[in-house]
Amino acid sequence: LRTTSPFPYAWLYFARGTMWSEQAGDPVRGEAFYRKALAHLPQFAAANVHLAELETARGEFEAAAARLERVLAASEEPEARALLGEIRLRGGDPAGARDIDRARRHYEALLARYPLAFADHAAEFYLGAGGDPERAWALAELNLANRPTGRAFALAIRAAAASGHEACALATDARNRFGPGAFPACIEGRGR
């Protein structure tokens, strides 16, 4: 690239990190790319959140919390707020519940203005820290109708199963669209 701007470099490294850690199942390689993104743009919120998720998965809660606090000092990123809340709750800090509530309010404000832009991340939140599988299902359906990607199908299948809605039909549709190896087959009696 013929630019001195850090943004394109950071975005490319972030995209590669996401591809490796979330799609290829190689979080070590993904982390290396997230760190390269942050070397170009230390305040890149999404790269910091994804790196904090990897740190949390390894049990590095203090490092993840410190990273998320830095992100939140610059922006009210609901994904960062929710993960920090989960970490705090895990450590016995009641402030974690307030963090999760703030994340919920922020997601709802964003959804009121830009529902298609935030439906996927908000659905992930409600499947996890937000604790509302039915809300997650509604958002996952909206997201899937807007962009029927493999990731959108996977999210909708998880949300359907968590909220008691029919997941087998979605899994069958996903297998038909993306190939039998892309999604597991639904087993009768276990797909709801």
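Which residues of helix α10 are buried? In this predicted model, helix α10 spans residues 168-178, and C168, L170, A171 and A174 are the buried positions in question. When the helix is viewed down its axis, the buried residues of α10 fall within an arc of 160 degrees, so they line one face of the helix. On the other side of α10, A169 and N176 are exposed. The buried residues of α10 find their packing partners in two other helices, namely α8, which covers residues 133-146, and α9, which covers residues 150-163. Just beyond the end of α10, the backbone at G179 adopts a positive phi of about 100 degrees.

The setting of this helix is a protein chain that contains 10 helices and 0 strands, and the order of elements from the N terminus is accordingly α-α-α-α-α-α-α-α-α-α. The radius of gyration of the chain is 18 Å, close to the 16 Å that the globule rule gives for 192 residues, so the chain is as compact as a globular protein of that length. Taken along the principal axes, the box filled by the C-alpha atoms is roughly 50 × 45 × 35 Å. Of the 192 residues, 39% count as buried, and the chain exposes about 10400 Å², of which carbon and sulfur atoms supply 56%. Among contacts between residues at least 6 apart in sequence, 41% join residues that are at least 24 apart. With regard to charge, the chain carries 24 positive and 24 negative side chains, and the centres of these two sets lie 5 Å apart.

Attention then turns to individual positions in helices α3, α4 and α5. Helix α3 comprises residues 45-57 and includes N48; L54 also lies in helix α3. N48 has a relative accessibility of 5% and counts as buried, and L54 is likewise buried, with a relative accessible area of 14%. When neighbours within four places in sequence are left aside, the contacts of N48 are with L38, P42, Q43, R67 and V71. Under the same exclusion of neighbours within four places in sequence, L54 is in contact with P27, E31 and Y34. The separation between L54 and L72 amounts to 18 residues in sequence, and in space to 18 Å from C-alpha to C-alpha.

Helix α5, which runs over residues 78-90, is the place of I87, and A80 is found in helix α5 as well. How accessible is A80, and is this residue buried or exposed? The relative accessibility of A80 is 0%, and A80 therefore counts as buried, given that the term applies under 20% relative accessible area. Not counting residues up to four places away in sequence, A80 touches V49, L68, V71 and L72. The C-alpha atoms of A80 and E141, which stand 61 residues apart along the chain, are separated by 24 Å. I87 is buried too, with a relative accessible area of 8%. Apart from neighbours within four places in sequence, the residues in contact with I87 are T56, F61, A64, A65 and L68. For one of these partners, A64, which is 23 residues away from I87 along the chain, the separation between the C-alpha atoms is 8.3 Å.

Helix α4, formed by residues 61-74, holds E62. Is E62 buried or exposed? With a relative accessible area of 74%, E62 is exposed, because that value lies over the 50% at which the term begins to apply. The C-alpha atoms of E62 and A117, although 55 residues apart along the chain, can also be placed relative to one another in space, where 31 Å separates them.

Taken by position, the residues examined in α3 and α5 can be set beside E62 in α4. N48 is buried, as are L54, A80 and I87, whereas E62 is exposed.

Methods
Residues numbered from 1 in each chain as written. Predicted model: local features only at pLDDT ≥ 70, side-chain atom pairs only at ≥ 80, totals over all residues. Heavy atoms only, no water. Helix = DSSP H or I, 4+ residues; strand = E, 2+ residues; numbered from the N terminus. Rg over C-alpha atoms; globule rule 2.2 N^0.38 Å. Buried < 20%, exposed > 50% of the residue type's maximum accessible area, 1.4 Å probe, protein only. Contact = heavy atoms within 4.5 Å. Areas by Shrake-Rupley, 256 points an atom, 1.4 Å probe, with all protein chains shown as cover. Lys, Arg positive; Asp, Glu negative; His and termini not counted. Charge placed at Lys NZ, Arg CZ, Asp CG, Glu CD. Arc of directions from axis to C-beta.
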